[in-house]
Amino acid sequence: MSKFKPTRSQQQALTAHDSDILVSASAGSGKTTILVDRIVKKLIAGQEIDQLLIVTFTDAAAREMKQRLTKRIQNQAAEISPDKRQHLYRQLSLIPSAYISTLHAFCLRVIRKFYYLIDLDPTFRLLSDDNERYLLKERAWQKVRADYYQADDAEFFALEDNFVSGNDDDDMADLIFQLADFALTTPNPNEWLAQLSQQYFIENDVSQTDFYQETLLDTLTNNIAYLKLQVQKTLQYIDAYEQLEGYYDSLAALNEQLKQIQQQLPELLWDDLRRLIVQLPPIKGRAKAKTDPEIMQPFKNLKNSITEQLQELQYKLFALDNQQWQKILQSAGQLVDKLVTVEVKFLKKFKQEKQAQHSLDFNDLEHYTMQILQTQKDGIAVAKEYYQQQFTEILVDEYQDTNPLQEAIVQQIRRNNPANLFMVGDVKQSIYGFRQAAPQLFVHKYQRMQVDSQAGQLINLSENFRSTKNVIDTVNGIFERVMDQHLGDLDYTQDTRLIAGADFPADLDTTTDVILNQAAENSTDTTNEQAEINLIIEKIQQLFADNYQIYDRQSGQKRPLKYSDIVILTRVKSLNNDIVNQFAQAHLPIVVPDAANYFQATEVRVMLSMLKIIDSPRQDIPLVAVLRSMIGGLNENELAYLRINSRTGDYYQALINYLADNSYNQKNEFAHELTTKVQHFMDQLAGFREQAPKISISELIWQIYLQTGYLSYAQGMPNGRQRVANLHALYQRADQFEQMEFKGLFQFIRFIEHIQNNQKDLAQPLEYQQESNEITVMTIHGSKGLEFPIVFLLNIDHRFNNEDSHRKYLFDTQQGIGIKYLDQQTHIIYETLPMYTAKAKQRNKVLSEEIRLLYVALTRAQQKLILVGSTKKSLEEEWNNWQLPNQTDTVIDTAIRSKFNSFQNMLQYVWGLNGQFTEDQVEAKAQSAFQFVINCKSPQKITPDASIANQQPDDSAMNQEITPLFKSTVQKILNFSYPYNVATKTTAYQSVSEIKHLFASPDDQDLPVIDWQQHKPQGNRYILDDFVRPHFLTDEKVAVTPADIGSATHLLLQKIDLKKQPTMGDFQALAHTLVQQQILTAAVAAKINYASLAQFYQSDLGQQILQQQTKLHREWAFSLLLPAKRLFTQMSQEMDDQILIHGIIDGLFRDADNQIIIFDYKTDYLDPQKSSGKHSIPNAVQEYSGQLNLYQQAVEQIAHQKVAHKYLCLLSINQVVEVK
């Protein structure tokens, strides 16, 4: 392939065939290029693009794949023979409709093609909005819960007691929703749910259960091993300080007993193991008198850590014997059974709610596709065989992020002889566990193919063509110590470690920098995160001051650093506001492509508070927020004055009490002015509360804007245009909410709170597309697939998410569910053994994904890595903590790694193994795997970057003499008059209805030109002056208008079946159907003249239409370009601007002689007795002739054939008139 010279492993990935193929493509190995080139090779060999199914992880990736394929085919076509070139060009035209999409999009195509196999209504819509899906789930749950409440179901109440905290049963809803989301990612949700309680009903010893043997035993082994390592570390510390030798015997005895437990653990029954654990002795001893506190404190920390771990085992996990656990587990299992019953009922109701909305969500797409592929007709799996024959190869990108259900779908359409599945991915970059991605699927295939060639071909792409050698050495040096199959899901070995494949100059500064913020004790000035941001600012300024050089691989030359070379990666978006503010102070340009701070905007928060108090005013925080805003207009002193005489109760009651106490509210001038403000606010609030049930939420929001002037106020604030746009977005979101058939202010507020609680945002993230010289800030997840010369990783001390450990339940695809059980008699909460096991597995999953997340972050760097964190200790103290009890040349002990709680914690032992402490820093020792340096410092005060700060003007230019040429050029520029100014006021679009009067009598090709001064268009645009005021803005009762009747009549004529001559009854039946579908109102349907519609088809024209219905076009839309100068007198005759004319013709057909005939329905009231004037037939013909003439011109221009006849169908008098 041109300009691309594949390596040996890449060549293998390009040409391998006749089996399943798994390509493990490390970061920077060019996997997308391999995918594209493999596809192009197949196309050149004669395959069709629609014989390939190419599955991507995101829609953006699918678009990029199509773009890359298009460009690659265009480039390749010039290098091949003409016959193959023609074939490639044909494939080029098929790319837009090719099977290149996400699996969800493919499932949608399957359903639209084979819906009839499962009797599915094909008129569904895709429920792509997660928030709308949530509202449907909530509606379904409310109905299910109401049924249980009405039935007074004691088992359901026990279930709620177990999982609900306080009086708010949102906890129960969260459990039901999360369990549903989990179950729906499995191939058979009901089957998976049905087996959830099995592990709770045990008859033998706890130690013989599957959950003990498969998970709990490993967890206990790691806990005992880690406890033993801590004891050994403490013994080493005692050896260094004789003052502590009084503790030695106690710790040595504990160490010996832990060793015995380690040796016997796999064989011990539960009660035997419990006895040994309970007998573990506490640490006893005494330090010598006057022992230095600096010696004593580290020892106390170690001792306390060991004691906490002992108590965790003795008083929690091993608090109960085997028989006691069996009893507790049986009771917990009964709760799980009830939970499953409720869940199944909820899923059924949720499905019904979606069916009522004619909607499917993404889970439905996958499950219905699976059902379609498995459905047989006459013993044949029709859809399955169709796709197996259709696709010669299935290519799956980012295979490591596939879930079990998606894998099952792919396996259904995959061929077996020969196998045709081509999978590309990197399990080390699987970071979407929160979307139920299952990297184990990748790992299972990887391990099988390593030992069994019959399972398929395994290809490792380890060459990294992105990064410098030290970046690669840094990555390898870290992950060979922290990643293995147990934590990370893959052993980081010779096969999976990165190999440098790119050439960089040897003199580049590629040393990995670690900068630790020296956190001050009890500092309130700045947070650690803000201090770390300042350290990044200092480092960036230093890089520019030092003229840091970047190697440009395209030019092969070094160049100075640019802001756009830098990315700052964060784990979460919560730091974005601080980053933006602090970089603005430093005058450093920055862009945040995936910012989502809509709900943090002041104006939005005020409006949401306003809506909350309209719904319920007795909410102190929202109420005071509104009072303190422009809407209430109160300051702090006024708020305090209102409260001082009503110190108890809610703040709304304080307002009521204040207004009722005339002796206090009229006490002085201050009170008098305050009373006026408060009374005005209370009157406004009362008005809004009265309106709220009567009008839509969107109209309520608009009324708030109008009556309070808040929209205008926001316009005048800094960044006013954005603020106004934010307020409009809230109004539009309310309108969308009600279009989803959800009603009520309280429901809308809950809807918004759900979006906020789930860290969603109304402002959609922007696709990353850097166009200017700015520093980029993005999350690690958002950076996947991108690369930058310099990568800052911020906040490496941020603790991993440990919320799951505090929850009352946990799910696992293999194990099922673990719960905490509340004993109703004793009110003791037990963390059941399945829950303990689930927590251990969840902890492993979280740690594995965090390890992979760090891998993704570090492999974004091309040239240099800079890691930034914080510490409360001195660097020397930290260095001592980084030393392992037993030095190792392999992966760090699992017991230690299982306790990682941050990136910094994960990295510290790697630094300890590879570094050496000097006077004020840690640097790489001679035999280190990579070059790095660690500094600990406090940030300095931010100073603006001199390179872009405001500069003083250069006065020397003011003294230069002004030449005549310069003066004349300036005058010419300042006096310039744009010659086509009229074109800037001329529309690019007109409808036929707006300009039909211009074409009333076209006797020749020169169409008349109307003076726009006479007809007064808006700018150069003709508009209708009968723009109707919306019904919701009027107070009068809505009546049926002639226009309503006319529109309804047109609709009936458009939809009526013409396979036979329609009767009056046919039209009435059609109208009745449209009323039931809420397309027509009953009031409008009652006014339609059905007899005239039936009579029309008895006319000569009506009979012609029936005879030629195969050549008939109803509601024929067209677009036509006309010169602007033929419509507007002010347009210069030299200008060739064109206006787009758009219209819809009621009907046209070709007669028996293939002549074109146009007809247009009119329902205007006409008096056939009048020969002229209003309501006469001649007047109607004159009024509408221009419209038909324009229709004629459009048809003739499009069809390249003259129109033979034009007819007006005057339905009110049952006449057809030809227009000449």
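Helices, here runs of at least four residues, and strands, runs of at least two, are DSSP runs numbered from the N terminus. By that numbering, Pro-418 lies in the loop between α17 (404–413) and β7. The model described here is a predicted one.

## Confidence

The average pLDDT of the chain is 86, and 89% of the residues score at least 70. Among the elements of the chain, strand β17 (residues 788–793) has the highest mean pLDDT, 97, and helix α39 (residues 1012–1015) has the lowest, 40. Over residues 994–1018 the pLDDT is below 50, and this stretch has 55 contacts in the model beyond near neighbours in sequence. Residues 948–959 also stay under 50. For residues 948–959 the model has eight contacts beyond four places in sequence.

## The parallel sheet

Strands of a sheet pair through backbone hydrogen bonds, either parallel or antiparallel. One open sheet has six strands in the order β3-β2-β6-β7-β1-β8, with parallel pairing. Why is one side of β3 and of β8 left without a neighbour in the sheet? β3 (100–102) and β8 (457–461) stand at the edges and have a single partner strand each, so nothing in the sheet flanks the other side. On average, neighbouring strands of this sheet are turned by 20 degrees against each other, direction ignored.

At one edge, strand β2 (residues 52–56) pairs with β3 in the parallel sense over three bridges. Val-55 has Ser-101 in β3 as its bridge partner.

Two helices lie across strands of this sheet. Helix α1 (residues 8–15) lies across β1 (21–25), β7 (421–425) and β8, and runs at about 140 degrees to β8. Helix α2 (residues 31–44) lies across β1, β2, β6 (393–396), β7 and β8, and runs at about 165 degrees to β6.

## The three-stranded sheet

Another open sheet has three strands in the order β18-β19-β20, and its pairing is antiparallel. β18 (809–812) and β20 (829–831) are the edge strands; each has a single partner strand, so one side of each lacks a neighbour in the sheet. The twist from one strand to the next averages 20 degrees.

Strand β19 (residues 816–822) and β20 run antiparallel and are joined by three bridges. Tyr-821 stands opposite Tyr-830 in β20. Helix α33 (residues 833–858) packs on the sheet and touches β18, β19 and β20, its direction making about 60 degrees with that of β18. Helix α7 (residues 154–163) lies across β18 and β19 and runs at about 90 degrees to β19.

## Strands β26 to β28

Strand β26 (residues 1112–1123) and strand β27 (residues 1138–1150) are paired in the antiparallel sense over 11 bridges. His-1113 has Leu-1148 in β27 as its bridge partner. β27 also pairs with strand β28 (residues 1156–1162), again in the antiparallel sense, over four bridges. Here Arg-1150 has Ile-1156 in β28 as its bridge partner.

The strand pairs named in this report are listed below.

| Strands | Sense | Bridges |
|---|---|---|
| β2 and β3 | parallel | three bridges |
| β19 and β20 | antiparallel | three bridges |
| β26 and β27 | antiparallel | 11 bridges |
| β27 and β28 | antiparallel | four bridges |

## Backbone exceptions

Most residues other than glycine have a negative phi, and most peptide bonds are trans. Asp-119 is not a glycine, yet has a positive phi of about 55 degrees. Asp-119 lies in the loop between α5 (103–114) and β4 (125–126). In the hairpin of β27 and β28, with five residues between the strands, Asn-1154 takes a positive phi near 65 degrees. A cis peptide bond joins Asn-417 and Pro-418, with omega about -5 degrees.

## The cavity

How many cavities of 30 Å³ or more does a search of the whole structure find? The search finds one. The largest cavity holds about 50 Å³ of space. Its lining consists of Leu-608, Leu-611, Lys-612, Phe-748, Ile-749, Ile-752, Glu-753 and Gln-756.

Which helices each supply at least two residues of this lining? They are α22 (602–615) and α31 (745–757). The largest share, five residues, comes from α31. By kind, the lining residues of the largest cavity divide into five nonpolar, one polar and two charged.

Note on methods:
Residues numbered from 1 in each chain as written. Predicted model: local features only at pLDDT ≥ 70, side-chain atom pairs only at ≥ 80, totals over all residues. Heavy atoms only, no water. 1 Å grid on protein atoms, 1.4 Å probe; cavity = no way out; pocket = protein on both sides within 12 Å on 5 of 7 lines; lining within 4 Å. Points joined across faces, edges and corners; volume = space filled by probe spheres on them. Nonpolar A, V, L, I, M, F, W, Y, C, P; charged D, E, K, R; others polar. pLDDT = per-residue confidence, 0-100. Contact = heavy atoms within 4.5 Å. Pairing = 2+ DSSP bridges. Axes fitted to C-alpha atoms, helices over the stretch in contact; angles between N-to-C directions.
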